[in-house]
Amino acid sequence: MALDHGHVTTIQQLGTIVRELDGRYVGRRDAARLLVVAAVCREHMLLLGPPGTAKTDLVGHFAGLIQARSFTYLLTRFTEPSELFGPLDFERFQKGVYRVKTDDMLPDAEIAFLDEVFQGSSAILNTLLSVVNERYFFNGASRERVPLVSLFGASSELPEDPALRAFGDRFLLRMEVEQVARTMMPELLKRGWQQERERVARDGAGAPAIPPIRLGDLLALSGKLAEVDLGPVRDAYAEVITDVLAQGVTLSDRRIVRGQKLVAAAALLRRSLVARASDLWPVAHIWTEPGDAGALREAVRERVVADGGDSTSAGRSVAELEALARHHASAVLGKAGRPTQAGVIVAMRGINEIHRQLRADHPGEAAAQQRVHALLAEVAALLDDPQGDGHV
């Protein structure tokens, strides 16, 4: 069975959305692709990163490119459940019925974004659990179906609280959003200023840059997921999971099973109903702990590249790798006092691994490779003057 013209048109529109986001935000191509995969799969996605990395703007702009009811809110420790789920329906309350008015609130939304998603109270997070997992909202004594397609959450870090981590496990897709590399500063300034000019010109409102996709068309494409043949890639998928589990990576059975849906979506977006190894690329983002992301990326990248897929889809961008290399170097360079030999060696290992990834994933980026290599040499030079006291 083949994809009909309507499905192909929807896939083309989704490709246009990715290009729009990629052109608008520096270094956010993979995030844009994952937003689309999440929406096609009707799964939820978590963006992890420091403030000021355009997480909110990226998701907000993506939501604006889908003709859907959306809901956006910034959670704090003081956020009341009524701010998300709706105010009390006093008219019915006076008749002895407890209900809240959910119009234009989160239970009424098809695309939702919650910034600082783990800051909500236990009452909020417990209610969200049934909304995101089962798509039900308990309104008084009623159990009501919600139309939610995808919930996108943002946070600066994962919580340590086991209860919050259980809620966090409902976000199948995860993406670390790093600051844009300083080498890309001119491009960041150029595109950022263009966005500011647009905001000033239309006072924060106006038509989107490209025609938004109809939610009905998106859901029709989602319905084709069940028709994708995963047989040709199931062994490769099992090998990836087995490999990373053997390395100590933590993945719940839920994440392992649902990860197959991401592979099916990648095949669909490639306009095929038969999955292949190159469609494994979104699986690199089902990690539970940020420290496990590298092992998954490497396991996925190997299969994707062997099948002729895009290696950068399963790995970090050049900008992200350079930013990470500078982060490692900053731990020992330019610090007051002398760093320890152990600290220098740890930094060198980190930068060396990044240099290796740059050569493997971005062989044409010679300038970036040289910059990271120079950084490695600068850190290594600290070992040339040992003081004999464990410091350099």
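Helices (H or I, at least four residues) and strands (E, at least two) are taken as DSSP runs, numbered from the N terminus. The model is predicted, so that local features require pLDDT of at least 70 and side-chain atom pairs pLDDT 80 or more, while totals for chains, interfaces and linings use all residues. Residues are numbered from 1 along each chain as its sequence is written, and side-chain values use heavy atoms, without hydrogens and water.

The second largest pocket was examined on a 1 Å grid over the protein atoms alone, a pocket being an open set of points where a 1.4 Å probe fits, with protein on both sides within 12 Å along at least five of seven lines. Its lining comprises 22 residues, and Val18, Arg33, Leu269, Arg270 and Trp281 lie nearest the centre. Helices H1 (5–24), H2 (29–41) and H11 (253–269) each give two or more residues to this lining; H1 gives the most, with seven. Lining residues are those with an atom within 4 Å of a point.

Two residues other than glycine have a positive phi: glutamate 116, near 50°, and arginine 271, near 65°. Most residues other than glycine have a negative phi. Glutamate 116 is placed in the loop between strand E4 (111–115) and helix H6 (122–133), whereas arginine 271 is in the loop between H11 and helix H12 (293–306). Relative accessible area is classed as buried under 20%, exposed over 50% and partly exposed in between (1.4 Å probe, protein chains only). Glutamate 116 is partly exposed because its relative accessibility is 22%, and arginine 271 is likewise partly exposed, at 47%.

Phenylalanine 90, in helix H5 (residues 90–93), counts as exposed because its relative accessibility is 56%.
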